[in-house]
Amino acid sequence: MSGSPSLAKTYAPDGRWAFVCECGNRECRQPIALTLAEHEAVRAHSRRFAIAPDHETPVVEIVASQNRWFGVVETFVGEASRIPEETDPRIQAR
Ligand SMILES: [Zn+2]
């Protein structure tokens, strides 16, 4: 396969699409299956992210909902909680 790394091919017969897990681990490339409506519902909340099941980081977020395909987490501190990982040298050094 070649082509787009992030989105999104039809994934399952019930209209789900493959997205990439948005958990706190920036290396994570776990595919998760959402319908487009589910994805838009997550996107409608700036502090919510769709993740693979059990990929939540309890210190910065809570699981708002979870089903057999994916979980939705809501961060305590907003989108900023995702940004320090790009600039924090302790994490880059790992
Ligand atoms: Zn993940």
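Modeller: Before we start, two residues are said to be in contact if their C-beta atoms, placed from the backbone, lie within 7 Å. What we are looking at is a predicted model, in which local features need pLDDT of at least 70 and side-chain atom pairs count only at pLDDT 80 or more, while totals for chains, interfaces and linings use all residues. Residues are numbered from 1 along each chain as its sequence is written.

Colleague: In what order do the elements of the chain run from the N terminus on?

Modeller: Helices (H or I, at least four residues) and strands (E, at least two) are taken here as DSSP runs and numbered from the N terminus. On that basis the chain holds 3 helices and 5 strands. Read from the N terminus on, their order is β-β-α-β-β-β-α-α.

Colleague: What percentage of the 94 residues of the chain count as buried?

Modeller: A residue is called buried if 20 or more other C-beta atoms lie within 10 Å of its own, exposed if 12 or fewer, and partly exposed in between, with the C-beta atoms placed from the backbone. Applied to the 94 residues of the chain, the share that counts as buried is 21%.

Colleague: Which strands each supply at least two residues of the largest nonpolar core?

Modeller: A nonpolar core is a set of buried Ala, Val, Leu, Ile, Met, Phe, Trp, Tyr and Cys residues joined through C-beta atoms within 7 Å. The largest one has 13 residues, and those with the most contacts inside it include Ile32, Leu34, Phe49 and Phe70. The strands that each supply at least two residues of this core are β2 (31-34), β3 (48-51) and β5 (71-75).

Colleague: Why is one side of β3 and of β4 left without a neighbour in the sheet?

Modeller: Strands count as paired if DSSP finds at least two bridges between them, and β3 is joined to β5 by 4 antiparallel bridges, whereas β4 and β5 pair over 5 bridges in the antiparallel sense. The resulting open sheet of 3 strands has the order β3-β5-β4. Because β3 and β4 stand at the edges, what each of them has is a single partner strand.

Colleague: Which residue in β5 stands opposite Glu61?

Modeller: Glu61 lies in strand β4, which forms a hairpin with β5, with 4 residues between the two strands. Leaving aside neighbours within four places in sequence, Glu61 is in contact with Glu56, Val73, Glu74, Thr75 and Phe76. The one that stands opposite Glu61 in β5 is Thr75.

Colleague: Does Glu61 count as buried or exposed?

Modeller: A charged name might lead one to guess, but the label rests on a count of neighbours. Since Glu61 has 23 C-beta neighbours inside 10 Å, it counts as buried.

Colleague: Which residue in β5 stands opposite Arg48?

Modeller: For the pairing of β3 with β5, which run antiparallel, one such position is Ile51, which stands opposite Gly71. For Arg48, the residue that stands opposite in β5 is Glu74.

Colleague: What is the phi of Asp54 near?

Modeller: Asp54 is found in the loop between β3 and β4 (61-66), and with 9 C-beta neighbours inside 10 Å it counts as exposed. Its phi is positive, in a residue other than glycine, and is near 70°.
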